Amino acid sequence: TYTTDTKSREENKKTIESLYRLSVDIKKIRRLKEWVLLQDVAYVKEIAGILQEMGADETAVANILERCPEAILHTPAEINSQKALWQLVCQNEKQLIKLIGQFPESFFTTEYHENQKANILFFQELGLKNNIITRFLTSAPNIFYNSVEKNKNVIETLQRNYLRLGGSNANMKIWILKLLSQNPFILLNTSTAIQENLEFLQKNDFTDHEVLQLLSKLKGFIFQLTSTTMQKSMLFSKNVFKCSDQELKQLVLKCPALLYYSVPVLEERLEGLLKEGISVAQIRETPMVLELTTQIVQYRIKKLSALGYDIKSGTLESLNGTKKDFEVNYGKIQSKKERPIFNPVAPIHIED
């Protein structure tokens, strides 16, 4: 913890001079994290030296210190320990310095060093590849702040439930690793929350096999929901599509977004589709369209309309999918339009 009371403090001239020599934009630091410049002790030269040893040039060093000025408040010993830790999963120093340049805040959070180390070793034992662990370190650093016991507990709960729901021992490791790779934030949940959400699905007549299917389709994001929000979303869909419990279940299996998105999000997306002249019946037929934001839907409809494709009378399948999926569908429709099929028995229209 560092002093953040700025009123009675003066900037550390030595720190300012050292940063200035490294071509760091001091105005930027003053604007974003002035408190760093007020600390009595800073290790500007030393931290810059460690970064340079790893291969960072002057621009890279300046950029890192501008983005994460609190780096200079760590001792060289702390940073060298952090460097050794990240080297457990990085191929070489070149990759490491590239990651520090992209995610300095993640690298310079040293308070959880012991937890980070224990978790890295645990993930390696679990079978996660080093490139996945480096991705976790940079994009989901807070999972390393957990104690290794907490993370183990969550993994064990998932494994236990996977087997209970009919998953096989042979596939369990692959399933767990895939789930973690897709959504490491699962580890921020409690074992209790995981258990409650799975029980909620079973109480709503989803079979064990269907629950496993939903877990995989939702990439584990289901654990970030509560039974209350899922209940509300399902009730909203049931009222909109005027369907039975069994029909609703099939819709959810077809489009898990109906379970995942909150009522306000589903409402907004539904309204956006209806404004474009799309009917509820069409949406019920292709509910996956609700996975797309209103802006994406409008953009895609506009592109298809320019080709003369009438979305109101056609299927919504052409709107669906990722950006890549849509571009492929769009290309097919475009080539059909540009290359009319010759029909030998069609009447010939002769102008008067």
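In this predicted model, the C-alpha centres of domain 1 and domain 2 sit 47 Å apart. The domain assignment of the protein chain puts domain 1 at residues 11-110 and domain 2 at residues 226-338.

Next up, the pockets. The largest pocket holds about 250 Å³ of space. Its lining is made up of Lys217, Leu218, Lys219, Phe221, Pro256, Ala257, Tyr260, Tyr261 and Glu291. Sorted by class, that lining comes out as 6 nonpolar residues and 3 charged ones, with no polar residues in the mix. Pro256, Ala257, Tyr260, Tyr261 and Glu291 from this lining carry numbers that fall inside the bounds of domain 2, 226-338.

Then there are the cysteines. How many disulfides does the structure hold? The count is 0. Take Cys68, which is in no disulfide: the nearest cysteine sulfur belongs to Cys90 and is 17 Å away. A disulfide needs two cysteine sulfur atoms within 2.5 Å, so a gap of 17 Å rules out that pairing for Cys68. Cys68 is also tucked away from the surface, being buried with a relative accessible area of 1%. The number of Cys68 lies within the bounds of domain 1, 11-110.

Cys255 tells a similar story, as this residue is in no disulfide either. Here the nearest cysteine sulfur is that of Cys243, 12 Å away. Is Cys255 buried or exposed? Cys255 is buried, and its relative accessible area is 0%.

Note on methods:
Residues numbered from 1 in each chain as written. Predicted model: local features only at pLDDT ≥ 70, side-chain atom pairs only at ≥ 80, totals over all residues. Heavy atoms only, no water. Buried < 20%, exposed > 50% of the residue type's maximum accessible area, 1.4 Å probe, protein only. 1 Å grid on protein atoms, 1.4 Å probe; cavity = no way out; pocket = protein on both sides within 12 Å on 5 of 7 lines; lining within 4 Å. Points joined across faces, edges and corners; volume = space filled by probe spheres on them. Nonpolar A, V, L, I, M, F, W, Y, C, P; charged D, E, K, R; others polar. Domains from an automatic or database assignment.
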